[in-house]
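Dear colleague,

Please find the structure for your review below, followed by an account of what was found in it.

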Amino acid sequence: MTTLATTPITLRFRFIEGGRQTKRFKSLKGARKAAQHQIGAHPSISERCGYAVDDFGCCTISVVEGCTLAELFPSEGGAA
């Protein structure tokens, strides 16, 4: 069963080519699936700078509201 977030989850994607995209999700499961599809399940995470980046540095994801990076990528535990 998917639990709906009380506050919609909003993620901001930024691409190396200069593109940006903001997406809203009703559940953590949906946000996690989109984030992991875009940059993989094991990105580098910087809680201090507030973003996760893929291994090639081509895309970053930051959380605008609704959850934390550690919740999106639980296997990483918010390292860095």
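A word on terms comes first: helices (H or I, at least four residues) and strands (E, at least two) are DSSP runs, numbered from the N terminus. In these terms, R12 belongs to strand β1, which covers residues 4–15. Please bear in mind throughout that this is a predicted model.

Overall architecture

The protein contains two helices and five strands. Read from the N terminus, its elements follow the order β-β-α-β-β-β-α. Of the 80 residues in the protein, 29% are buried. About 5,100 Å² of the protein is exposed, and carbon and sulfur atoms supply 51% of that area. Among contacts in the protein with a separation of 6 or more, 49% are between residues 24 or more positions apart.

Strand β1

Three residues of this strand were examined: P8, R12 and R14.

P8 is partly exposed, its relative accessible area being 31%. Its C-alpha atom lies 5.8 Å from that of F25, although P8 and F25 are 17 residues apart in sequence. With residues up to four places away in sequence set aside, P8 touches R24, F25, E65 and G66.

R12 is likewise partly exposed, at 28% relative accessibility. Which residues does R12 contact, leaving aside its neighbours within four places in sequence? They are Q21, T22, T60, I61, S62 and V64. For one of these residues, S62, the C-alpha separation from R12 is 5.3 Å, and the two residues are 50 residues apart along the chain.

R14 has a relative accessible area of 39% and is therefore classed as partly exposed. Not counting residues up to four places away in sequence, R14 touches G19, R20, C58, C59 and T60. The C-alpha atoms of R14 and C59 are 5.6 Å apart, while 45 residues separate the two along the chain.

The two cysteines touched by R14

Both C58 and C59 appear among the contacts of R14, and they also bear on the matter of disulfides. How many disulfides does the structure hold? The number is zero. A disulfide would require a pair of cysteine sulfur atoms within 2.5 Å. The cysteine sulfur closest to that of C58 is in C59, at 8.4 Å, which is too far for a bond. The sulfur of C59, in turn, has that of C58 as its closest cysteine sulfur, again at 8.4 Å and too far for a bond.

Is C59 buried or exposed? C59 counts as buried, because its relative accessibility is 3%. C58, by contrast, counts as partly exposed because its value is 32%. The limits behind these labels are under 20% for buried and over 50% for exposed, with partly exposed in between.

Strand β2 and a polar contact

S27 is located in strand β2, which spans residues 20–27. With a relative accessible area of 10%, S27 is buried. A polar atom of the S27 side chain lies 3.1 Å from the backbone nitrogen of G30.

Aromatic residues

The structure holds zero aromatic pairs. An interaction of another kind does involve a ring: the charged end of K23 sits over the ring of F13, at 5.5 Å from the ring centre.

Helix α2

L69 is part of helix α2, made up of residues 69–72. L69 counts as buried, because its relative accessibility is 4%. What does L69 touch, not counting residues up to four places away in sequence? The list comprises I45, S46, E47, G50, Y51, A52, I61 and V63. One of these, G50, is 19 residues from L69 in sequence, and the C-alpha atoms of the two are 7.8 Å apart. I61 deserves mention as a residue that is in contact with R12 and is also touched by L69.

Points to check in the viewer

When you open the model, the following places may be useful to inspect:

- the pair R12 and S62, with C-alpha atoms separated by 5.3 Å;
- the sulfur atoms of C58 and C59, 8.4 Å apart;
- the charged end of K23 over the ring of F13;
- the side chain of S27 and the backbone nitrogen of G30;
- L69 in helix α2, together with the residues it touches, including Y51 and V63.

Yours sincerely

Conventions: Residues numbered from 1 in each chain as written. Predicted model: local features only at pLDDT ≥ 70, side-chain atom pairs only at ≥ 80, totals over all residues. Heavy atoms only, no water. Buried < 20%, exposed > 50% of the residue type's maximum accessible area, 1.4 Å probe, protein only. Contact = heavy atoms within 4.5 Å. Phe/Tyr/Trp six-rings, centres within 6.5 Å; stacked < 30°, edge-to-face > 60°. Lys NZ or Arg CZ within 6 Å of the ring centre and 35° of its normal. Areas by Shrake-Rupley, 256 points an atom, 1.4 Å probe, with all protein chains shown as cover. Polar contact = N/O pair within 3.5 Å; in protein donor to acceptor, adjacent residues only side chain to side chain.
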